[in-house]
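Thanks for making the time, everyone. I would like to spend a few minutes on the cysteines in this one, so please have a look at the sequence and the structure before I go on.

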Amino acid sequence: QLQLEESGGGFVQAGGSLRLSCTASIFTLDYYGIGWFRQAPGKDREGVACLSKGGENTIYADSVKGRFTISKDIAEKTMYLQMNKLKPEDTAVYFCAADGRYSYCSDSSVNPEYGMDYWGKGTLVTVSS
């Protein structure tokens with residue numbers, strides 16, 4: 001069973017940058033599509049960015065396009081979310097997730113029509129004005 005653990009959350013000033021990391025417990029991260037999600041207070045969980053299993057597609061939510069970048073390092077068993085030009089609206093608990101299906105992140109939507117296979121516990125990002 002794949003286990004994921006996020007790190008790198010914290011308190012950031014508006015306009016600043018932060019990089020979130022998510023480390024996998026096994027050596028097969030290359031077998032999965034990966035995604036970052038977030039949930040702000042009083043709001044539903046939403047997809048932020050995803051990278052397909054085969055690496056062909058990368059999709060970002062409209063709200064973060066041009067500011068966030070998703071990536072992974074297979075050798076280090078780690079996925080990343082680089083967040084630049086942060087806004088107070090980005091304040092949320094951020095979750096990493098993985099899914100073994102080729103269909104994940106294969107179309108135009110960053111939000112899957114099904115549940116992800118594996119989830120991290122989340123890390124809090126707070127952006128001050």
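The link of cysteine 22 and cysteine 96 is right-handed, with 55° about the S-S bond, and I should say at once that we are looking at a predicted model. The sulfur atoms of cysteine 22 and cysteine 96 sit 2.0 Å apart, which is within the 2.5 Å that we ask of a disulfide. Because cysteine 22 belongs to strand β3, residues 18–24, and cysteine 96 to strand β9, residues 92–99, this pair ties together parts that are 74 residues apart in sequence.

Are these two cysteines, 22 and 96, buried or exposed? Cysteine 22 counts as buried, since its relative accessibility is 1%, and cysteine 96, with a relative accessible area of 0%, is buried as well.

Let me turn to the other pair. Cysteine 50 and cysteine 105 form a disulfide in which the sulfur atoms are 2.0 Å apart, and their link is right-handed, with 80° about the S-S bond. Here the bond joins distant parts of the chain, 55 residues apart, with cysteine 50 in strand β5, residues 46–51, and cysteine 105 in the loop between β9 and β10. Cysteine 50 is buried at 0% relative accessibility, and cysteine 105, at 3%, is buried too.

To put the pairs together, the count comes to two disulfides, and when the bonded cysteines are counted along the chain, the pattern reads 1-3, 2-4.

Notes: Residues numbered from 1 in each chain as written. Predicted model: local features only at pLDDT ≥ 70, side-chain atom pairs only at ≥ 80, totals over all residues. Heavy atoms only, no water. Helix = DSSP H or I, 4+ residues; strand = E, 2+ residues; numbered from the N terminus. Buried < 20%, exposed > 50% of the residue type's maximum accessible area, 1.4 Å probe, protein only.
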